[in-house]
Amino acid sequence: MAELLKGNVLLVDDDPAVAKVLGALLGQAGLTVHTASNGQEALTLLGRKPIDVVVSDVRMPGMSGMELLAEVGRSWPDIPVILLTAHGTVPLAVEAMKAGAADFALKPFDREEILFSIRKALLRAQQQEGARPLVKETSSFVGGSTAMAAVQAMLTRAASGTATVLLRGESGTGKELAAKAVHDASPRRGGPFVKLHCAALPDTLLESELFGYEKGAFTGAATRKPGRVELANGGTLFLDEIGDITPQVQVKLLRLLQEREFERLGGTQTLKVDVRFVAATHRNLEEMVRKVEFREDLFYRLNVVPVWLPPLRARPEDIEPLVRHFLDVHAKANGRPPFTLTLDGLEALRAQPWPGNVRQLQNFIERLVVLSDGPVLTGDEVRREVARQPGIVPAAPTPTPASPFPNALAMPAPGGTGSEGRTLESQRKDMERQALVDALDRAGDNRTLAARLLGISRRTLYNKLEEHGLV
């Protein structure tokens, strides 16, 4: 008897006969099946159900399967999407895979083929879930430092209420995971947790993604589309990089926070929502308010419960448990045996500055696991890999005056009074510029891959390229 699969599958197809047959097949295989007849219904279910895999037809009225794939990738990047079509061609399959589809199958589908694709997608999703830094399945943080214990206590207290939480701290410290921890510990844990990365969207798209739009609101708006606010009704909306929103969106967001109501783009109906807001930023909002770049009234609406996530350099005692956790996770994900870290290997890791914080440490450990010859990691192997990765260089932190960690590993500021300070800053910039050049060269000028090699976000990479005149 074939092994039963476990997981929640969202089946999206406008043909009731196909949905019935394929739904029965997946149900017999042990899967829990949710069905939707179009893309809009699928997005609503994704916001309300714990979906593990999406299986969608490509050609549907209204939102196509390719458009649904793009929406899922923006809002739920950890959920794999398998596309089905009776009109399959090699170019369409290539386009789907490039767009992020987990797999592509043709109608009429073969039972074993579709189950194999779903099994593979489920395994991939489980590996990605296990590879998330900082938070375990129970949303508890890895590491027992005093700084992180204080953060956990603050998040637990904040979770029980409905007040807006503002997560502060440098990139790579785990703000998104902290937001999920707030949701999971709150009375809204049964509702949707919807994410919106404000810095990842162009100004013209951010407002429509946040509030949704009516049919005909603008060119290309063929159907009504609910925004993230609607999808988060009854749950939590996480607004990442809130410091990057435009003044126009700031005004509408302020009204939403105050009144819990909004209108879709192109619409006249005022909609009420029951949403808990969690926002995050690495930017100095106080300075932005002083420069009139961020509304003061919006800042106070967001800053009800501020929580600072400390950089990794402020909690060095957490490096060892984080490293051992990532070794276990990535060894399993890459089919490698368990790894042992020697004492000098641990000291070599502790000696690094990790300006990209936990995200950079995790990426580095994954490289060690993939490239290592054996299950024992020594100090020599760590130092050798450090030498191969020019992205690991001391970088001057950019502390915010209100941060509890303003002086952690501070370096001389540019234009300091002493010649030594200027020399150190000049050397740091030279090293950083060379690291960017080397990463772009190794990645074949693919900026997404270069950012991954450096252990930083794409936005940070773009900012650094512009800073060093490499755009």
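Is the crossing of α2 and α3 left-handed or right-handed? This tour of a predicted model begins there; local features need pLDDT of at least 70, side-chain atom pairs count only at pLDDT 80 or more, and totals for chains, interfaces and linings use all residues. Residues are numbered from 1 along each chain as its sequence is written, and side-chain values use heavy atoms, without hydrogens and water.

**First stop: two helices**

Select residues 39–48, helix α2, and then residues 65–75, helix α3. Helices here are DSSP runs (H or I, at least four residues), numbered from the N terminus. The crossing of α2 and α3 is right-handed (the near helix is turned clockwise from the far one by less than a right angle). The two helices pack at an angle of about 20 degrees, with their axes 10 Å apart. That angle makes α2 roughly parallel to α3 (angles under 35 degrees count as such).

Next, select G39, A42, L43 and L46 of α2 together with L68, E71 and V72 of α3, which make the contact (heavy atoms within 4.5 Å). By class, five of these residues are nonpolar, one is polar and one is charged.

**Second stop: the cavity**

Now select L196, C198, L206, L210, L239, I242, I245, V249 and L253, which line the largest cavity. A cavity is a set of points on a 1 Å grid where a 1.4 Å probe fits but cannot get out, and lining residues have an atom within 4 Å of a point. About 30 Å³ of space lies in this cavity, and the count comes to one cavity of 30 Å³ or more. Helices α8 (203–211) and α10 (247–259) each supply at least two residues of the lining. By class, the lining has nine nonpolar, no polar and no charged residues.

Methods. Axes fitted to C-alpha atoms, helices over the stretch in contact; angles between N-to-C directions. Parallel < 35°, antiparallel > 145°, perpendicular 65-115°, else oblique. Nonpolar A, V, L, I, M, F, W, Y, C, P; charged D, E, K, R; others polar. 1 Å grid on protein atoms, 1.4 Å probe; cavity = no way out; pocket = protein on both sides within 12 Å on 5 of 7 lines; lining within 4 Å. Points joined across faces, edges and corners; volume = space filled by probe spheres on them.
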